[in-house]
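Me: I've got a model open and I'd like to learn how to read it. Could you walk me through a few features?

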Amino acid sequence: MGKFFGTDGVRGVANRELTPELAFALGRAGAYVLARKIVAPKILVAKDSRLSGDMLEAALTAGLCSVGAQVYHAGVIPTPAVAYLVNKGNFAAGVMISASHNPMIDNGIKFFESRGFKLPDALEDEIEAIMEKNPPTNDKLPRPVGADVGAVHNAPGVESDYIKFLLSTVPGLDLRGMKIVIDCANGATSFVAPIVLENLGAEIITLHNTPNGQNINENCGSTHPESLAMLVKELSADAGIAFDGDGDRMLAVCEKGDLIDGDSILAICGLDMHERGVLKNDAIVATVMSNQGFEVFCRENGIVLHRTDVGDRYVLEKMLADNYNLGGEQSGHVIFLDHNTTGDGILTALQLLAVMSRKKNSLSELASVAEAFPQVLVNAKVSNSRKPEFETHPEIKKAQEAIEAELAGEGRILVRPSGTEPLIRVMIEGRDKAKIEALAKKLAAVTEKCLAN
């Protein structure tokens, strides 16, 4: 990670860490790097439903226009819509203002290049270097004047274009007779997701689709699917779908109210694609966080599992490098590369529902193909500046080695820093859930003590 960019763009508390001044500087440097060979480049800007989105949009737009970009405002739409529309609409770049599943107080800025892909590390490093060399008080970047100054435009029809695209990914899918509950997290999918599913004939019950700027991700969506699970059971629905704030990930709930995570979604859709002969190279890309049970499932079904570092960008890099078309994260960020260049919650929901329709199985039956080993994740709250020490701190290393000896090959430990928050994530996997819960809490406590302010 660099000074500004984390694992998924630039994030922070809006107006404290992610300030209008920083958004302005990001706009100038980002437009310069991504569109420097284009005269009056078109750049698409969208946002989720956070209150701070308007403030950051205005500052970012000013920065983009100040280097001559023509800025097209798409309003509140999901992140994957930006990825799709940038590629389709011949934009030089796209920008999404969102902090995804983070609390409302946070916000973020992430860039997409002209093909709809998130930026590789090298381009983010270049933007950071330019920002470092060009502080606002001594900015040497271009400043066109007169008719060459950038202008702001509306981007009409983007929502309907995105809806048409989503429906085109499941030709002939008929969901009549299915009852589906969807939780839009009071975020960017609130207006699009119900329309898409209703177009396919399903009976839709919608939760948390009244964003007011302050309620995004608040006890709802993919990070809090409890109310969704309760309603699915209460209404005897066929499935529940939970999106996150910007709509790039999705988790499901089966008819029994049990959570279907990203590993299960990859297993269900991957097996279906494998059986239909459309899973490229008979492989799925996932991260080191994916469950060992998922790895066993892949091996038993003739599918090769490739693991990457945590982060959808690393999953995507592996997919592009080795020609794979399915990958994702346990958190529900799933990439169907035949259709879109990033994780897309609504698209993932459609692919999952299409498997249910094809196989005539309940979601719980489909999910039973992959048995998950118990897995516990505990967050250790640490000083942001001391996060890198977790790998070398002797007391943490000693505690981790003791736990590995206690697991005796019947589990695994994964300790990693959060890319967006002052946390060290401690994950332990094993056969005895009570045991691994105690061990994870123990290691997290040691980590907090060693890396506090």
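**Strands, a helix and salt bridges**

Reply: Let's start with one residue: R425 is buried, at a relative accessible area of 13%. Buried means under 20% relative accessible area, exposed means over 50%, and partly exposed lies in between (1.4 Å probe, protein chains only). This is a predicted model, where local features need pLDDT of at least 70 and side-chain atom pairs count only at pLDDT 80 or more, while totals for chains, interfaces and linings use all residues. Residues are numbered from 1 along each chain as its sequence is written, and side-chain values use heavy atoms, leaving out hydrogens and water.

Me: Which residue does R425 meet in a salt bridge?

Reply: A salt bridge here is a side-chain nitrogen of Lys or Arg within 4 Å of a carboxyl oxygen of Asp or Glu. The R425 side chain meets that of E421, at 3.2 Å from N to O. E421 counts as partly exposed, with 23% relative accessibility.

Me: How do I read strand β19, and how many of its residues are buried?

Reply: Strands (E, at least two residues) and helices (H or I, at least four) are DSSP runs, numbered from the N terminus. β19 covers residues 423-430, and 8 of its 8 residues are buried. L423, R425, M427 and E429 point one way, while I424, V426, I428 and G430 point the other way.

Me: Which strands does β19 pair with?

Reply: Two strands pair if DSSP finds at least two bridges between them. β17 (residues 375-381) runs antiparallel to β19 over 7 bridges, with A380 opposite I424. β18 (residues 411-417) is also antiparallel to β19, joined by 7 bridges, and G411 has G430 as its bridge partner. A hairpin of 5 residues links β18 to β19.

Me: What do side chains add between β18 and β19?

Reply: R412 forms a salt bridge with E429, with the closest N and O atoms 2.9 Å apart. R412 sits in β18 and E429 in β19, so the pair ties together parts 17 residues apart in sequence. E429 is buried, with a relative accessible area of 0%.

Me: How many salt bridges does the structure hold?

Reply: There are 26. One of them joins the side chains of K47 and E57, at 3.0 Å from N to O. K47 lies in strand β3 (residues 42-47) and E57 in helix α2 (residues 53-66), so this pair ties together parts 10 residues apart in sequence. Both K47 and E57 are buried. There's also a network of salt bridges linking D8, R11, K110, K118, D246, D248 and D312.
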